[in-house]
Amino acid sequence: MEVIVTPTPESAASAAAQAVLSGLPAGAGPVLGLATGSSPLGLYAELAAAAAAGRVDFSTAKGFALDEYVGLPAGHVQSYREVLIREVCEVIGLPMAGLNVPDGSGATQAELEAGAAAYDAAIAAAGGVDVQILGIGANGHVGFNEPGSSLSSRTRLKRLTARTRLDNARFFEHDGDVPTHCITQGLGTVLEARRLVLIATGAAKAAAVAAAVEGPLTASCPGSILQWHADAVVVLDEAAASGLANREYYDDAARGLALAP
Ligand code: F6R
């Protein structure tokens, strides 16, 4: 795992974008795993700037969302499909036809579970995710894999924790409007991406980041799965890094592997 600490949220966004771009294959049809939420917005702006400068072309890219709410009407402004159209497709130039989001519209548990299984199959059919962009919840969740999620879980129907519903209430008119269920990529699904890039900024994430990066690999902190991945990059600003014990080594390691001191 590579841990990159930068001074500000802006410099973290720039470093995270570099980690994404260097993980994409040359040529057409890169496959991005897409997180919603506040954390990756600066990163998406940096990817847009790279595309505008001709350093990357997302016009043939595919995107796979991490998660989707269950039960919001089609076109709901807070559905993650709509959020990703606004915050990613229209920003970086990823075509809407290439955007894949778990299907949260099923009326029954069986329909929702069938849609979740089909989503994992669609990721596999696309050749897998080249780079999965991740944020982390204050409780350590990634995607909507709340603490206790199986480390080998697949895309599936989940109930949201009260804490996550409260955290996300800021996007809805009334607290009670936040859906109770979601479809989320599983931790096993996320681990199959060829590179993971997690971005976290702000002091509110410091404890979750410390647990994910330096705590035990445990379902109690789903973000700790990054320790199990062979190509995981964690990009932080100073505030999000403030709980890390091994900070000095991360800064040393960032100087690279050249043998000279
Ligand atoms: C987003 C997602 C979540 C968020 C996390 C952090 O698709 O699945 O895991 O990444 O809740 O959210 P923000 O970035 O808003 O703090």
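**Entry 1: His-181**

I began with His-181 and listed its neighbours: leaving out residues up to four places away in sequence, His-181 touches Tyr-69, Val-70, Leu-157, Lys-158, Arg-159 and Leu-160. I note here that I am working from a predicted model. His-181 lies in strand β8, which covers residues 181–184, and its side chain is joined to that of Thr-180 by a polar contact of 2.7 Å. Is His-181 buried, exposed or partly exposed? I put His-181 down as partly exposed, because its relative accessibility is 23%. I also looked up how far His-181 is from Ala-19, which is 162 residues away along the chain, and found their C-alpha atoms separated by 32 Å.

**Entry 2: Glu-146**

I turned next to Glu-146, which is found in the loop between β6 (131–134) and β7 (156–159). What is the nearest side chain of opposite charge to Glu-146? That side chain is Lys-158, 8.5 Å away, and Glu-146 is buried yet has no salt bridge. The distance of 8.5 Å has to be set against the cut-off, since a salt bridge calls for a side-chain nitrogen of Lys or Arg within 4 Å of a carboxyl oxygen of Asp or Glu.

I then looked for polar partners, and found that the side chain of Glu-146 makes a polar contact of 3.0 Å with the side chain of His-141, while a further polar contact, of 2.5 Å, joins the side chain of Glu-146 to that of Thr-164. Both His-141 and Thr-164 appear in the contact list of Glu-146, which also holds Asn-139, Leu-160, Thr-161, Ala-219 and Pro-222, with residues up to four places away in sequence not counted.

**Entry 3: Salt bridges**

I counted eight salt bridges. Among them is the pair Asp-231 and Arg-195, whose side chains meet at 3.0 Å, N to O. This pair links distant parts of the chain, 36 residues apart, with Asp-231 in the loop between α7 and β10 (232–237) and Arg-195 in strand β9 (residues 195–200). I wrote down Arg-195 as buried because its relative accessible area is 15%, whereas Asp-231, at 28% relative accessibility, counts as partly exposed.

Glu-238 forms a salt bridge with Arg-247, with the closest N and O atoms 2.9 Å apart; here Glu-238 is partly exposed at 36% relative accessible area, and Arg-247 is partly exposed at 22%. In the salt bridge between Asp-252 and Arg-255 the closest N and O atoms are 3.4 Å apart, and while Asp-252 counts as partly exposed at 38%, Arg-255 is exposed at 59%. I also noted a network of salt bridges that links Asp-120, Arg-154 and Glu-192.

**Entry 4: Helix α7 and the cavity**

Which residues of α7 are buried? I found Ala-206, Ala-208, Val-209, Ala-210, Ala-212 and Val-213, and what covers these buried residues includes β1 (2–6), β9, β10 and α8 (247–253).

I then checked for enclosed space, and the count came to one cavity of 30 Å³ or more, with about 40 Å³ of space in the largest cavity. Its lining consists of Ile-136, Leu-198, Val-209, Ala-212, Val-213, Gly-223, Leu-226 and Val-234. Which helix gives the largest share of that lining? Helix α7 (residues 206–214) does, with three residues. I compared this lining with the buried residues of α7, and Val-209, Ala-212 and Val-213 are on both lists.

Key
Residues numbered from 1 in each chain as written. Predicted model: local features only at pLDDT ≥ 70, side-chain atom pairs only at ≥ 80, totals over all residues. Heavy atoms only, no water. Helix = DSSP H or I, 4+ residues; strand = E, 2+ residues; numbered from the N terminus. Buried < 20%, exposed > 50% of the residue type's maximum accessible area, 1.4 Å probe, protein only. Lys, Arg positive; Asp, Glu negative; His and termini not counted. Polar contact = N/O pair within 3.5 Å; in protein donor to acceptor, adjacent residues only side chain to side chain. Contact = heavy atoms within 4.5 Å. 1 Å grid on protein atoms, 1.4 Å probe; cavity = no way out; pocket = protein on both sides within 12 Å on 5 of 7 lines; lining within 4 Å. Points joined across faces, edges and corners; volume = space filled by probe spheres on them.
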